[in-house]
Amino acid sequence: MNLIFLGPPGAGKGTQAKVVCKHFNLEHISTGDLLRSVVKSNSLIGEKTREFMNKGLLVPDEIVVEIVAQEIKKNSKGFILDGFPRNLAQSEFLESALSSADIFLNKVFNFITSPEKVVDRLSGRRVCPKCRAIYHIKNMPPLEEGICDKCAGILAQRDDDKEEAIKERLRVYKQLSEPLISYYQEKGILCDVDGDLNVEPLFGIIKEILEI
Ligand code: AP5
């Protein structure tokens, strides 16, 4: 099973992807996480990547498609692409990479979320830099404030979860990523889901769709 999770920043794609991957034994390919690892590498390319991410802009396609191509090649059990593609050029790249590897996309889940939820979720998000677990100070707090339940890492706010970067990410999503909704609708594999729902009920809906 090969899926794409599409939706604005803070729609809950990453949180839901972890649950769905665990249940269906899929690989979670998050371009955001992969790019944050590139940033940590202290290389020239990492420095360039950091500048784009902190401003809320898309990282140039040539950097991202190379990373995704490697992940797809490595994968043997099916995947969720979370955060990729993000513009039409990336979706065209993906189509040709998948077809040359004889891989088919089963579904694209489009997370529909209200702007108020997005702002609340992003401003309250805390992440574990060590194991990448995702928390929310109100909705999904850790057992001990500021400490990761899974690995005891110190939770942090993402650099791009600041007000200016959030605004820019939302603008970029509208301009470059939203056209992907009709792209996948025309291919007959788009499935809208209510991203405002809590994690468990939303997982129930996605599971039911995937088990049909
Ligand atoms: P990326 O890391 O992909 O960020 P994003 O798409 O903006 O999405 P987020 O991670 O912010 O949100 P999410 O939908 O995963 O929500 P989450 O589950 O964390 O990308 C970051 C940057 O990398 C981009 O801006 C760009 O620069 C670059 N990049 C990435 N991919 C790229 C590409 N393909 N091309 C070029 N550049 C690229 O949840 C958010 C919060 O809400 C959490 O606190 C969580 O606990 C809470 N929450 C989640 N779900 C629920 C729920 N159902 N109910 C209540 N609370 C919930």
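**A colleague's note on helix 2, the ligand shell and the cores**

1. Helix 2 makes a good starting point: its buried residues pack against helix 1, strand 2 (27-30), helix 3 (44-55), helix 4 and strand 3. Please keep in mind while reading that this is a predicted model.

2. Staying with helix 2, 7 of its 10 residues are buried, so the helix is mostly covered, taking buried as under 20% relative accessible area. The buried set consists of Thr-31, Gly-32, Asp-33, Leu-34, Leu-35, Val-38 and Val-39. After the helix comes Asn-42, which has a positive phi, near 60°.

3. One member of that set deserves a second look. Asp-33 sits in helix 2, and its relative accessible area is 15%, which is why it is classed as buried under the 20% cut-off. Leaving out residues up to four places away in sequence, Asp-33 touches Lys-18 and Arg-132.

4. Gln-16 is another covered residue to inspect. Gln-16 belongs to helix 1 and is buried, with a relative accessible area of 1%. Who surrounds Gln-16, once its neighbours within four places in sequence are set aside? The contacts are Phe-5, Phe-111, Val-199, Leu-202, Phe-203 and Ile-206.

5. Now to the ligand. There are 35 residues around the ligand, and those that come nearest are Thr-15, Leu-57, Arg-86, Arg-125 and Arg-169. By class, this shell holds 16 nonpolar, 11 polar and 8 charged residues.

6. Three polar pairs are worth displaying. A polar side-chain atom of Lys-13 is 2.8 Å from an oxygen atom of the ligand. On the backbone side, a polar atom of Gly-83 lies 2.9 Å from a ligand nitrogen, and a polar backbone atom of Tyr-135 lies 2.7 Å from a ligand oxygen. As for cover, the ligand taken alone exposes 1000 Å², of which the protein buries 97%.

7. Which elements give two or more residues to the shell around the ligand? They are helix 1 (13-24), helix 2, helix 6 (115-124) and strand 6 (134-136). Helix 2 gives the most, with 4 residues.

8. On to the nonpolar interior. The largest nonpolar core has 28 residues, and the members touching the most others are Leu-35, Leu-81, Phe-84, Leu-94, Val-108 and Tyr-184. At least two residues of this core come from each of strand 1 (2-6), helix 2 (31-40), helix 4 (61-74), strand 3 (79-82), helix 5 (88-100) and helix 8 (179-186). Helix 4 gives the most, with 6 residues. Leu-35 thus appears both among the buried residues of helix 2 and among the core members that touch the most others.

9. Leu-94 is a handy residue to centre the view on. Not counting residues up to four places away in sequence, Leu-94 touches Ile-4, Ile-72, Leu-81, Phe-84, Pro-85, Leu-105 and Tyr-184. There is also a second, separate core of 16 residues, with Ala-11, Leu-26, Cys-191 and Leu-210 among them.

10. Last, a look at helix 8, where Ile-181 lies. With residues up to four places away in sequence left out, Ile-181 touches Leu-6, Asn-110, Tyr-173 and Leu-190. For a sense of scale, its C-alpha atom is separated by 29 Å from that of Val-39, a residue 142 places away along the chain. Val-39 is one of the buried residues of helix 2, which brings this note back to its starting point.

Notes. Residues numbered from 1 in each chain as written. Predicted model: local features only at pLDDT ≥ 70, side-chain atom pairs only at ≥ 80, totals over all residues. Heavy atoms only, no water. Core = buried A, V, L, I, M, F, W, Y, C linked by side-chain atoms within 4.5 Å. Buried < 20%, exposed > 50% of the residue type's maximum accessible area, 1.4 Å probe, protein only. Contact = heavy atoms within 4.5 Å. Near = heavy atom within 4 Å. Polar contact = N/O pair within 3.5 Å; in protein donor to acceptor, adjacent residues only side chain to side chain. Areas by Shrake-Rupley, 256 points an atom, 1.4 Å probe, with all protein chains shown as cover. Nonpolar A, V, L, I, M, F, W, Y, C, P; charged D, E, K, R; others polar.
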